[in-house]
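Grab your viewer and a scratchpad: here are some exercises to work through by eye and by hand. Try each task before you read its solution.

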Amino acid sequence: KLELFIKNDDMTKKPSSFSTSSFRQRISQKVFCWGEERSRLGLPEKKDKVLTMILKDIWLDVKAVQERDPAARNALEVLLLYQGVHALIWHRIAHWFYVHHMFFIARLISQIARFFTLIEIHPGAEMGHGILIDHGCGVVIGETTVVGDNCTIYQGVTLGGVGLNKGKRHPTLGKNVTVGSGAKILGAFEV
């Protein structure tokens, strides 16, 4: 048996003695709650939202490959074998760390992804949904680049910056843009 303080609504109850199963049940009532109850207890929002968003983005990327690449046979093949999808998965994780000011971890993840996929996406780049990086070897996407939804990027593309100034220095791709093989788009302008 365990003796613990549990946050009670009236805070008048003394420590109680109870079994492990009772402990789990009471903790689940206090911790695994949503909405107004979480905010009333001063608990942060559920972190599952981030995971759900990342998984949704990954699924949209897999579906984009299936729709726009005639060689793609099924979702499992795309998820396991397409380096462009792998690079986007790693980027979405690294971008989360970058947004939360954990720059070293973000860059470490992006460099590991570059090693395995030969696609370099800076963790600061903003990537939309449903992106296809086809035959992605040699693709470089810079820090302040914004890539819109449903874009297609082929091998050897550079979305790079010019100049040494801080701020926006990389291109912005709108929705449904296709960037052909070997293209070099340099500078802060919209395509």
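The exercises below go from the whole chain to single residues.

Some ground rules first. This is a predicted model, so to speak, with local features needing pLDDT of at least 70 and side-chain atom pairs counting only at pLDDT 80 or more, while totals for chains, interfaces and linings use all residues. Residues are numbered from 1 along each chain as its sequence is written, and side-chain values use heavy atoms, with hydrogens and water left out.

**Exercise 1. The overall inventory**

Task: find how many helices and strands the protein has, and what share of its residues is buried.

Solution. Start with the DSSP runs, numbered from the N terminus: a helix is H or I with at least four residues, a strand is E with at least two. That gives 6 helices and 12 strands. Next, sort residues by relative accessible area: buried is under 20%, exposed is over 50%, and partly exposed is in between (1.4 Å probe, protein chains only). Of the 191 residues, 38% come out buried. Finally, take the accessible surface by the Shrake-Rupley method with a 1.4 Å probe, where for residues only the protein chains shown count as cover. The total is about 11,800 Å², and carbon and sulfur atoms own 61% of that.

**Exercise 2. Checking a helix with a ruler**

Task: work out what span helix H5 should have, and compare it with the distance between its end C-alpha atoms.

Solution. The expected span is 1.5 Å times one less than the number of residues. H5 covers residues 83–99, which is 17 residues, so it should span 24 Å. The end C-alpha atoms are 24 Å apart, in agreement with that. Now look along H5 for buried residues: among them are Val-85, Leu-88, Ile-89, Arg-92 and Phe-97. While you're there, recall that an α-helix has 3.6 residues a turn, so residues three or four places apart point the same way. After H5 comes His-101, with a positive phi near 60°. His-101 isn't a glycine; it sits in the loop between H5 and helix H6 (103–117). At 63% relative accessibility, His-101 counts as exposed.

**Exercise 3. Who touches whom?**

Task: list the contacts of His-91 and Val-65, leaving out residues up to four places away in sequence.

Solution. A contact means heavy atoms within 4.5 Å. His-91 lies in helix H5 and is buried because its relative accessibility is 4%. His-91 touches Ile-121, His-122, Pro-123, Ala-125 and Met-127. Move on to Val-65, in helix H3 (residues 48–68), which is buried at 2%. Val-65 is in contact with Ala-72, Val-78, Tyr-82, Val-85 and Leu-132. Then try a longer hop: Val-65 and Asn-150 are 85 residues apart in sequence, yet their C-alpha atoms are 9.9 Å apart in space. Asn-150 has a positive phi of about 60° without being a glycine. Asn-150 belongs to the loop between E7 and strand E8 (152–153), and is partly exposed at 37%.

**Exercise 4. Reading two sheets**

Task: give the strand order of the open sheet of 4 strands and of the open sheet of 3 strands.

Solution. Two strands pair if DSSP finds at least two bridges between them. Tracing the pairings of the 4-strand sheet gives E3-E6-E9-E12, with parallel pairing. Strand E3 (120–121) and strand E12 (184–186) are at the edges with a single partner strand each, so one side of each lacks a neighbour in the sheet. Strand E9 (residues 158–160) pairs with E12 over 3 bridges in the parallel sense, and Thr-158 stands opposite Lys-184. The 3-strand sheet is also parallel, in the order E4-E7-E10. Its edge strands are E4 (126–127) and E10 (172–173), each pairing on one side only. Strand E7 (residues 146–147) and E10 share 2 bridges, with Val-146 opposite Thr-172.

**Exercise 5. Disulfide hunt**

Task: how many disulfides does the rule give?

Solution. Look for pairs of cysteine sulfur atoms within 2.5 Å. The count comes to 0. As for exposure, Cys-137 is partly exposed at 43%, whereas Cys-151 is buried at 0%.
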